[in-house]
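Subject: Handover of a structure, with notes on its charged side chains

Dear colleague,

I am passing on the structure below, together with an account of what turned up in it. Could you read the notes alongside the coordinates and the sequence?

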Amino acid sequence: MSVLAGSAQGLAATEVPGLDDVLGGGFARRRLFLIEGVPGSGKTTLALQFLIAAARRGEPVLYITLSETAEELRAVAVSHGWSLDGIRIHESIPSEDLLGPDEQYTMFHASEVELGATLKDLLDVITQSKPTCIVVDSLSELRLLAGSALRYRRQVLALKQFFNSRGCTSLLLDDLTTVDHDLQTQSIAHGVVRLEQVYPEYGSERRRLRVLKYRATQFRGGFHDFVVRRGGIAVFPRLVASEHRQPIPVSKLACEIAPLDALLGGGIEAGTSTLIVGAAGTGKSTLAAQFAAAAAARGQTAALFVFDENPGTLLSRCAALNIDIASPIAEGRISVRQVDPAELTPGEFIAAIRSQVEEHHAAIVVIDSLNGYLNAMPEERFLSIQLHELLMYLGQKGVATILIGAHQGLIGSVMNTPVDASYLADAVILLRYFEAKGEVRQAISVMKKRGGVHERSIREFSLNASGIHIGEPLRDFRGILTGVPVYEAPPSR
């Protein structure tokens, strides 16, 4: 069986995590692709990963560099822990001898001589090595040597025909350094992938890619976050919830605190989302931890993604309240991951959630909190759309999602949240402070529940060394949700 016959039905897989999913399997064989991106966006890293994957399959591969030296490329490989064995690197870089006075052209323009020599060198090495996969880095050199747009387009068309006639899958890298960037090469290429960098006002840069064009292929459109780290590029495909539809068995997940389960009509349903909202310190995270601990006690798994609290603080606080999450964490039934919104991209965050669901079969996912999730988004207006897609995906996977939302302020009738997710959630649990008899007390109520009936009373909520306690309905007070209730004595009998 030939190398091409052994590949994935005419596709050259990149083996870049997530990229083949975006491309629909990889790059089409015998076709020319354009990889665009500003300097530093990761083009060289992606190209090397592509060639390393092909060399690993036993294919002859070639990296033609018109700007970087072979030594510089090997330094890139070393930084990622790679070996370039099996990859032929050909330098087509002007020699330092061109700096001498005897090499200055007088009869012909320098570009006319250098372009012809460069192209002949390029064609000769391809004819000699007979590669199946080629990378040319970068097009900006050829564009400058061509001098005019017409001549540049004709040269790229000729290269395309040459590569295709020899069965090569070709990646042309373009660093977008020209001021007047046109669409000439995009129109010629079979596919175009653009790498972009976004610079938020705070935190590290964020990278994303988009497939602008891929003829005759159903690729995954839109922007996809990616990172460049030691080991190469990792792409996080955009989540499409509709691809994960499946029947979900109806079941309830109790928190194993009888009054609270009664308040929720038996617990929260698998495949639904629950928003726990309240002021700082009301016990939102503790309540979510109780659901996770109860799930672990039943033999299920839970995943907690914590934006606003150190995992060590969470563990010590739960231990002080008699909620055991330390043992399930040690046994692998509960995972706690601290999320740094300044460093983690939204795509990487969603990929981490998908890993917990698909690989570790998490029954409960806790996002603590929406305020931190909001800070992780580069553009606030897209939060609701992405959150809706995430909740739809988790629901179709039968996962119970618990979202934590913090109110701005502690007490009063006007308390806002930075993002309103109440309309997305299937259930809403409200925790409030209220004043009574010279004390600050807490109340809990279920404001919404799509999964079935629930108790509509407002109950007192308290935390102490023995755990979470739910009191009797506060029927002798009016206006508890305002924070300053009025005591109404029960009628005499």
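A polar contact, as the term is used here, is a pair of N or O atoms within 3.5 Å, where within protein one atom must be able to donate a hydrogen and the other to accept it. Please keep in mind throughout that this is a predicted model.

With that definition in hand, R207 is a good place to begin. This residue belongs to strand β9, and a polar atom of its side chain lies 3.0 Å from the backbone oxygen of G40, a distance that falls inside the 3.5 Å limit. The R207 side chain also makes a polar contact with the side chain of Q197, at 3.4 Å, and it forms a salt bridge with E205, where the closest N and O atoms are 3.7 Å apart. Is R207 buried or exposed? Its relative accessible area is 16%, and R207 is therefore buried, since the class takes in residues under 20%. Its partner E205, by contrast, is partly exposed, with a relative accessible area of 35%. When neighbours within four places in sequence are left aside, the residues in contact with R207 are G40, S41, E196, Q197, H224, D225, F226 and V228.

The salt bridge of R207 belongs to a wider set. Side chains of opposite charge can pair when their charged atoms come close. How many salt bridges does a search of the whole structure find? The search returns 21, and two further pairs may interest you.

In one of them, the side chains of R220 and D21 meet with 3.1 Å from N to O. This pair links distant parts of the chain, for R220 sits in the loop between β9 (206-214) and β10 (224-229), whereas D21 is in helix α1 (residues 19-23), 199 residues apart. R220 counts as buried at 15% relative accessibility, while D21 is partly exposed, with a relative accessible area of 40%.

In the other pair, R229 forms a salt bridge with E348, and the closest N and O atoms are 3.4 Å apart. R229 lies in strand β10 and E348 in helix α12 (residues 346-358), so this salt bridge ties together parts that are 119 residues apart in sequence. Here the arginine, R229, is partly exposed, at a relative accessible area of 42%, whereas the acidic partner, E348, is buried at 14%. Salt bridges that share partners also join E15, R29, R56, R57 and E59 into one network.

As for cysteines, the search of the whole structure finds zero disulfides. Two residues of this type, C255 and C318, deserve a mention: C255 counts as buried at 0% relative accessibility, and C318 likewise counts as buried at 0%.

Finally, some figures for the chain as a whole. It has 14 helices and 24 strands, and of its 493 residues, 51% count as buried. Among contacts between residues at least 6 apart in sequence, 70% join residues at least 24 apart. The chain exposes about 22900 Å², of which carbon and sulfur atoms supply 53%.

With kind regards

Technical notes
Residues are numbered from 1 along each chain as its sequence is written. This is a predicted model: local features need pLDDT of at least 70, side-chain atom pairs count only at pLDDT 80 or more; totals for chains, interfaces and linings use all residues. Side-chain values use heavy atoms; hydrogens and water are left out. Helices (H or I, at least four residues) and strands (E, at least two) are DSSP runs, numbered from the N terminus. Buried means under 20% relative accessible area, exposed over 50%, partly exposed in between (1.4 Å probe, protein chains only). Contact means heavy atoms within 4.5 Å. Accessible areas come from the Shrake-Rupley method with a 1.4 Å probe; for residues, only the protein chains shown count as cover. A salt bridge is a side-chain nitrogen of Lys or Arg within 4 Å of a carboxyl oxygen of Asp or Glu. A disulfide is a pair of cysteine sulfur atoms within 2.5 Å.
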